[in-house]
Amino acid sequence: MQLPVEICVFLLSLVAPGVLYTMNNVIKQPVMVLTLGAAVLYIIPYIMSFLVLHLLALQHWENVDPLFYVFAVFSFTCLVGLTNALEQDGYISGYMGFYLKKGEPHLSAAYAVMMNYWEGVLHFLLFLIIIHRMFRGKSYRSLALFWAGSSIAHQIVFIPGVVIGKYGSSVHPAFWRNTPFLFLPIWGAILLFSRERELPIIPADKIAVAQKRSLLYRPVDLILSLLLLGAMSFSVFRGIVALDCPLDTCFTYIYQYEPYLKDPVVFPRITMLVYLFYALPLLAAFIYGLRNPGCTWMLDWAIFFAGAIAQTQWCHIGGSLHSRTPFTYRVPTDKWLTVMILNGLYVAVPILLAIRCRISPTFFMPTVPEGQTSPEKKDN
């Protein structure tokens with residue numbers, strides 16, 4: 001009996017907790033932790049996905065998208081992360097103790113725990129859905145771009161945060177197993193962006209009419225533009241707060257609203273700098289795309305950006321509330337609602353933009369040449 005590919009990936013991933021339990025109770029050398037950790041996280045799942053999945057599910061497939069192997073391997077590591085998150089929150093025990101001590105102690109930080117929940121639940125389900133669509137000939141570009149944005153964003157926060165934060169003095173060889181988690185999503189994003197975009201078929205007349213309307217006559221786009229301007233302002237403000245701005249407003253905000261920005265783990269501070277130097281230019285580009293017709297790149301980049309902000313905000317908000325964050329760095333009770341609204345809006349804006357681009361892409365379609373929709377052109 002031939003099993004569906006996504007079922008095979010799911011069953012393969014269930015091996016992860018057992019392997020972790022064995023490593024935690026058998027291996028006692030840091031170098032072996034790195035060696036076997038790399039084997040467990042990359043080599044074993046790749047070989048199993050290549051052999052087992054080909055035997056059970058892919059025997060009739062000759063041309064398999066190379067991204068499938070990335071998704072299959074990452075599905076395995078998703079459950080590794082989820083196991084860590086569950087152990088740190090006290091739901092299970094005996095799986096990660098030695099690895100955290102001699103491998104990656106930074107995985108016990110609140111930010112890392114929230115990151116593992118994101119990977120173990122959302123990314124894992126995302127991979128299964130993508131693989132399901134991949135082998136049924138359905139489009140998975142948008143889902144894969146969301147994953148790419150999410151994965152790249154969290155790695156450019158996580159890796160520097162470990163090196164320069166309070167865990168920088170306890171970086172063990174096993175830490176460097178994170179390197180492929182940065183480069184593989186980047187390679188995946190390049191591959192996805194380089195592929196031909198699947199555009200809906202929309203009559204030229206409809207495109208011409210939609211693109212002639214100014215921003216003032218498109219209330220949804222006008223509201224989104226204003227929200228994007230607000231997100232830009234918030235990015236600049238929290239960026240300079242993270243850079244220890246001496247202004248009274250910045251001092252008040254960091255001590256009375258988001259003291260988590262001063263947490264010595266440094267993850268929240270790096271997140272704000274990523275927003276300042278990377279998110280800010282993209283937010284400005286999106287405003288340009290909402291104002292000027294024919295910006296087809298908006299259809300992909302809005303989804304990629306939504307994934308990046310959703311992941312980083314999940315970790316930031318969750319980390320600022322988690323019990324593993326020292327009490328002095330958590331969001332004050334009396335400012336909880338204000339902080340949640342501000343952070344909630346910041347993550348909602350990119351998601352709303354991505355939904356808008358997905359539902360109604362007419363304005364972003366390639367512009368219609370002058371005269372193409374005229375009666376004379378139609379008659380010809």
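Helix 7 and helix 13 cross in a right-handed manner. Their axes come within 7 Å and cross at roughly 45°, which makes helix 7 oblique to helix 13. Please keep in mind that this is a predicted model. The protein chain has 15 helices and 0 strands, so helix pairs are a good place to begin a tour.

**The chain as a whole**

- The secondary structure of the protein chain comes to 15 helices, with 0 strands.
- Of the 380 residues in the protein chain, 52% are buried.
- Take the contacts between residues at least 6 apart in sequence: 79% of these join residues at least 24 apart.

**Helix 7 with helix 13**

- Helix 7 covers residues 141–164, and helix 13 covers residues 298–321.
- On the helix 7 side, the residues that meet helix 13 include Arg141, Leu145, Phe146, Ile152, His154 and Val157.
- On the helix 13 side, the residues that meet helix 7 include Asp300, Ile303, Phe304, Ala308, Gln311 and Thr312.
- Small residue names also turn up here, among them Gly149 in helix 7 and Gly307 in helix 13.
- Sorted by class, this contact has 11 nonpolar, 7 polar and 2 charged residues.

**A look at His154**

- His154 is found in helix 7 and is one of the residues there that meet helix 13.
- With a relative accessible area of 2%, His154 falls under the 20% limit and is therefore buried.
- The side chains of His154 and Glu119 are joined by a polar contact of 3.1 Å.
- Residues up to four places away in sequence aside, His154 touches Met115, Glu119 and Gln311.
- Gln311 is also named among the helix 13 residues that meet helix 7.

**Helix 4 with helix 6**

- Helix 4 spans residues 67–88 and helix 6 spans residues 110–134; their axes come within 7 Å and cross at roughly 150°.
- Angles over 145 degrees count as roughly antiparallel, and helix 4 and helix 6 are therefore roughly antiparallel to each other.
- The crossing of helix 4 past helix 6 is left-handed.
- In this contact of helix 4 with helix 6 there are 17 nonpolar, 7 polar and 1 charged residues.

**A look at Leu184**

- Leu184 lies in helix 8, which runs over residues 179–194.
- Its relative accessible area is 29%, so Leu184 is partly exposed.
- Leaving out neighbours within four places in sequence, Leu184 is in contact with Val70 and Phe74.
- The C-alpha atoms of Leu184 and Ser151 are separated by 9.3 Å, although these residues are 33 residues apart along the chain.

**Helix 12 with helix 14**

- Helix 12 (residues 267–291) and helix 14 (residues 336–359) have axes that come within 13 Å and cross at roughly 40°.
- Helix 12 passes helix 14 in a left-handed crossing.
- From helix 12, Tyr275, Ala279, Leu283, Phe286 and Leu290 take part, and they meet Tyr346, Leu353 and Arg356 in helix 14.
- By class, the contact of helix 12 with helix 14 has 7 nonpolar, no polar and 1 charged residues.

Methods. Residues numbered from 1 in each chain as written. Predicted model: local features only at pLDDT ≥ 70, side-chain atom pairs only at ≥ 80, totals over all residues. Heavy atoms only, no water. Axes fitted to C-alpha atoms, helices over the stretch in contact; angles between N-to-C directions. Helix = DSSP H or I, 4+ residues; strand = E, 2+ residues; numbered from the N terminus. Parallel < 35°, antiparallel > 145°, perpendicular 65-115°, else oblique. Left-handed = near helix turned anticlockwise from the far one by under 90°. Nonpolar A, V, L, I, M, F, W, Y, C, P; charged D, E, K, R; others polar. Buried < 20%, exposed > 50% of the residue type's maximum accessible area, 1.4 Å probe, protein only. Polar contact = N/O pair within 3.5 Å; in protein donor to acceptor, adjacent residues only side chain to side chain. Contact = heavy atoms within 4.5 Å.
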